[in-house]
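Please examine the sequence and the structure shown below. The questions that follow concern fold, confidence, charged pairs and core.

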Amino acid sequence: FTAKINGKYGIMRHCPECKAIVNPKWDGCIACGYKLADRLIDCHVKSAVLGRTVKMILDPNTPGQVVFDGAKYAKAETDKLKTLDRESLLSAHIIKREFEGTVQ
């Protein structure tokens, strides 16, 4: 799910052990100490750009990479995409997903 923290929206999840809200960037739950670092995060998120719910996967075995709606993005690519307007972002995602290219 998404949560607004300090004026910005971010992806969050619940700890499977104690159900506390956990940022997937953390390596564990600060409430109960449950270790998340070696766990695959496979969830569905509502995309404002795509206008639908899509699957997102974060795999600890491939750090710096996210699979979003079937397209694999490296951190460098997501950093570049943050500068695009909504229409350009949508076009870039469709091309990335269909042709499995790299955002330059």
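**Charged pairs, core and confidence**

Q: Is arginine 52 buried, exposed or partly exposed?
A: This is a predicted model, and the answer rests on the accessibility computed from it. Buried requires under 20% relative accessible area and exposed over 50%. Because its relative accessible area is 36%, arginine 52 is partly exposed.

Q: With which residue does arginine 52 form a salt bridge, and how far apart are the closest N and O atoms?
A: Arginine 52 belongs to strand S6 (residues 52–58), whereas its partner sits in the loop between strand S7 (65–68) and S8, 17 residues away, so that distant parts of the chain are linked. The partner has a relative accessibility of 14% and therefore counts as buried. It is aspartate 69, and the closest N and O atoms are separated by 3.0 Å.

Q: Which helix holds lysine 96, and is this residue buried or exposed?
A: Lysine 96 falls within residues 86–99, the span of helix H2. Outside its neighbours within four places in sequence, lysine 96 touches Ala71, Lys72, Tyr73, Glu77, Gly101, Thr102 and Val103. Because its relative accessibility is 9%, under the 20% limit, lysine 96 in helix H2 is buried.

Q: Which residue meets lysine 96 in a salt bridge?
A: The N-to-O distance of this bridge is 2.8 Å. The pair links distant parts of the chain, with lysine 96 in helix H2 and its partner in helix H1, 19 residues apart. The partner has a relative accessibility of 6% and therefore counts as buried. It is glutamate 77.

Q: Which residues do salt bridges with shared partners join into one network?
A: The structure contains six salt bridges. One of them pairs aspartate 69 with arginine 52. Through shared partners, salt bridges connect a single network of Arg52, Asp69, Arg97 and Glu98.

Q: What separates aspartate 79 and lysine 75 along helix H1?
A: The side chains of aspartate 79 and lysine 75 form a salt bridge at 3.0 Å, N to O. Aspartate 79 is partly exposed, since its relative accessible area is 34%. Because the two residues are four apart in helix H1 (residues 75–81), their separation is about one helical turn.

Q: Which strand gives the largest share of the largest nonpolar core?
A: Nonpolar side chains tend to be buried together in soluble globular proteins. The largest nonpolar core here has 11 residues, among them Ile41, Cys43, Val45, Leu50, Val54 and Met56. Strand S5 (41–47), S6 and S8 each give two or more residues to this core. The largest share, three residues, comes from S5.

Q: In what order do the elements of the protein chain run from the N terminus?
A: The chain has two helices and eight strands. Of its 104 residues, 26% are buried. Among contacts between residues at least 6 apart in sequence, 17% join residues at least 24 apart. The order of elements is β-β-β-β-β-β-β-β-α-α.

Q: Which element has the lowest mean pLDDT, and which the highest?
A: Over the protein chain the average pLDDT is 82, and 85% of the residues score at least 70. The mean is 58 for the lowest element and 91 for the highest. These are strand S1 (residues 2–5) and strand S8 (residues 71–74), respectively.

Q: What percentage of the exposed area do carbon and sulfur atoms supply?
A: The area that the protein chain exposes is about 7,300 Å². The share from carbon and sulfur atoms is 55%.

How values were computed: Residues are numbered from 1 along each chain as its sequence is written. This is a predicted model: local features need pLDDT of at least 70, side-chain atom pairs count only at pLDDT 80 or more; totals for chains, interfaces and linings use all residues. Side-chain values use heavy atoms; hydrogens and water are left out. Buried means under 20% relative accessible area, exposed over 50%, partly exposed in between (1.4 Å probe, protein chains only). Contact means heavy atoms within 4.5 Å. Accessible areas come from the Shrake-Rupley method with a 1.4 Å probe; for residues, only the protein chains shown count as cover. pLDDT is the predictor's confidence in each residue, from 0 to 100. A salt bridge is a side-chain nitrogen of Lys or Arg within 4 Å of a carboxyl oxygen of Asp or Glu. A nonpolar core is a set of buried Ala, Val, Leu, Ile, Met, Phe, Trp, Tyr and Cys residues joined through side-chain atoms within 4.5 Å.
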